[in-house]
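Here are some friendly notes to keep beside you as you look at this structure for the first time. Please take the points in order, with the view open.

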Amino acid sequence: MSKSNNDKKINVLFMGTPEFAIPGLKALINDPCYIVKAVYTKIDKPQGRGKKLNAPPVKILAQKYNIPIYQPNTLKTEKENIKKINPDLIVVIAYGKILPVEILELPRYGCINVHGSLLPLYRGSACLNAPIINGDEKTGISIMKINEKMDAGPILKQFEIKLNSDSNLEYVHDTLSQLSGQVLVPTLNDWINGKLKAKPQDDEKATYVKMLKKEDGRIDWRKGAPEIDRLIRGLNPWPGTFTYANHKLIKIIAAQVAPFTKKQKLKIGEVFLDSGNLTVKCGQGNLFILKLQIESGKIMSSRDFIKGHNNIIGQILK
RNA sequence: CGCGGGAUAGAGCAGUUGGCAGCUCGCCAGGCCCAUAACCUGGAGGUCGUCGGUUCGAGUCCGACUCCCGCAA
């Protein structure tokens with residue numbers, strides 16, 4: 001029995017929080033070459049109706065495998081603890097906190113981050129939404145070495161997926177999340193074995209996306225129908241897109257650009273029926289509303305909605 | 001005990017001061033038409049979320065419970 005390099009197990013410290021990080025963490029747990037020594041995740045937050053404390057998905061998965069869990073408010077005081085864990089590698093996927101420089105240099109293979117966009121495009125937290133909202137033809141994930149600037153480290157490898165006029169946030173989130181689970185371990189293997197070189201990003205081409213706020217989902221019907229459609233696809237299910245009809249909140253879950261524009265004397269935001277579709281007049285073109293949700297109601301198709309809310313026709317959405 | 005909305009036909013909703021359970025759509029049968037997400041005629045389909053209370057009488061008023069949802073996170 002001879003021991004080759006491949007038989008050495010890599011001690012990993014994993015940092016992540018939401019559902020998006022789960023496939024990556026699972027891949028590391030299930031791979032015999034890696035040992036997840038500990039997990040850092042955000043603190044449990046009171047959420048849901050009734051203020052119950054809810055554990056982040058990463059914590060729940062770590063508990064299942066009896067992996068030690070740390071949930072500090074800040075990493076600035078964690079240097080000693082991480083030294084004690086003594087990881088060969090830190091893997092960060094959607095952790096939600098910035099790593100101090102002093103921690104970046106602790107593991108011998110560095111700190112590796114999986115980011116949900118094709119860097120240097122869309123540095124920041126809304127990286128999944130931005131490509132959809134902007135109508136890009138592709139997006140993807142970037143596996144990179146973390147440096148002192150946010151999402152600006154040199155890239156080990158990138159993986160693309162194509163976007164089309166149907167792609168919504170849920171699709172991009174799930175696809176990229178699954179993809180990261182598939183490619184993380186092979187990429188790390190290559191990195192550790194010296195088969196990959198980290199290529200610096202072209203900072204000139206970098207773009208940044210701000211953290212999304214609820215108000216970003218307020219629909220401005222003066223905009224063109226295609227632009228509004230992209231916003232709806234890029235923001236659902238979270239933070240969601242909404243408008244008001246007669247001062248009541250209506251969430252717009254899914255829409256579709258009307259195939260042709262009728263020349264009608266309608267006000268912007270006015271609701272009408274076009275071939276049985278609930279349709280809204282936009283600044284440019286019309287938009288079919290396919291799925292929506294009213295206050296206290298479940299998500300329903302606009303067809304179902306019309307059956308009991310005939311008075312919506314002729315109202316102006318604001 | 002964070003705030004609030006809701007449960008009525010397959011779907012979406014209305015139901016007033018308690019007094020025969022309604023509307024739109026769908027479904028079934030038939031009709032009309034070159035044609036339609038169109039129109040006409042007829043029909044089926046409900047233990048009004050659950051349990052208890054008040055009452056001559058409760059979808060409606062009172063109490064408890066279950067489930068669903070919005071805000072907030």
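1. Let us begin with Arg303. One of its polar side-chain atoms lies 2.5 Å from a base nitrogen of RNA strand B. This is a polar contact, that is, a pair of N or O atoms within 3.5 Å; within protein, one must be able to donate a hydrogen and the other to accept it, and residues adjacent in sequence count only if both atoms are side-chain atoms. Two elements give two or more residues to the surface near the strand, namely β16 (286–294) and α8 (302–308). Helices (H or I, at least four residues) and strands (E, at least two) are DSSP runs, numbered from the N terminus.

2. A word on the basis of these notes: this is a predicted model, in which local features need pLDDT of at least 70 and side-chain atom pairs count only at pLDDT 80 or more, while totals for chains, interfaces and linings use all residues. Residues are numbered from 1 along each chain as its sequence is written, chains are lettered from A and ligands numbered from 1 in the order in which they are written, and side-chain values use heavy atoms, with hydrogens and water left out.

3. Which residues come nearest to RNA strand B? Of the 23 residues around the strand, they are Pro46, Arg49, Ser296, Lys298 and Arg303. Sugar and phosphate make up 47% of the strand's atoms that come within 4 Å of the protein. A residue is near a molecule or strand if one of its heavy atoms lies within 4 Å of it.

4. Two further contacts are worth finding. Lys251 places a polar side-chain atom 3.2 Å from a phosphate oxygen of RNA strand B. Gly308 uses a backbone N or O atom, 3.2 Å from a sugar or linking oxygen of RNA strand B.

5. Helix α8 gives the most to the surface near RNA strand B, with 5 residues. By class, that surface has 5 nonpolar, 10 polar and 8 charged residues. Ala, Val, Leu, Ile, Met, Phe, Trp, Tyr, Cys and Pro count as nonpolar, Asp, Glu, Lys and Arg as charged, and the others, Gly among them, as polar.

6. Helix α8 also holds a salt bridge, between the side chains of Asp304 and Lys307 (3.0 Å, N to O). The term means a side-chain nitrogen of Lys or Arg within 4 Å of a carboxyl oxygen of Asp or Glu. Asp304 and Lys307 are separated by about one helical turn, because they are 3 residues apart in α8. Asp304 counts as partly exposed at 40% relative accessibility, and Lys307 as exposed at 66%. Buried means under 20% relative accessible area, exposed over 50%, and partly exposed in between (1.4 Å probe, protein chains only).

7. How many salt bridges does a search of the whole structure find? There are 8. One of them joins Asp220 and Arg222 (2.9 Å, N to O); Asp220 is partly exposed at 23%, whereas Arg222 is exposed at 62%. Lys223 forms another with Glu227, the closest N and O atoms being 3.9 Å apart.

8. Is Asn113 buried or exposed? With 8% relative accessibility, Asn113 counts as buried. Asn113 belongs to strand β7 (residues 111–115), and its side chain reaches the backbone oxygen of Val92 at 2.8 Å.
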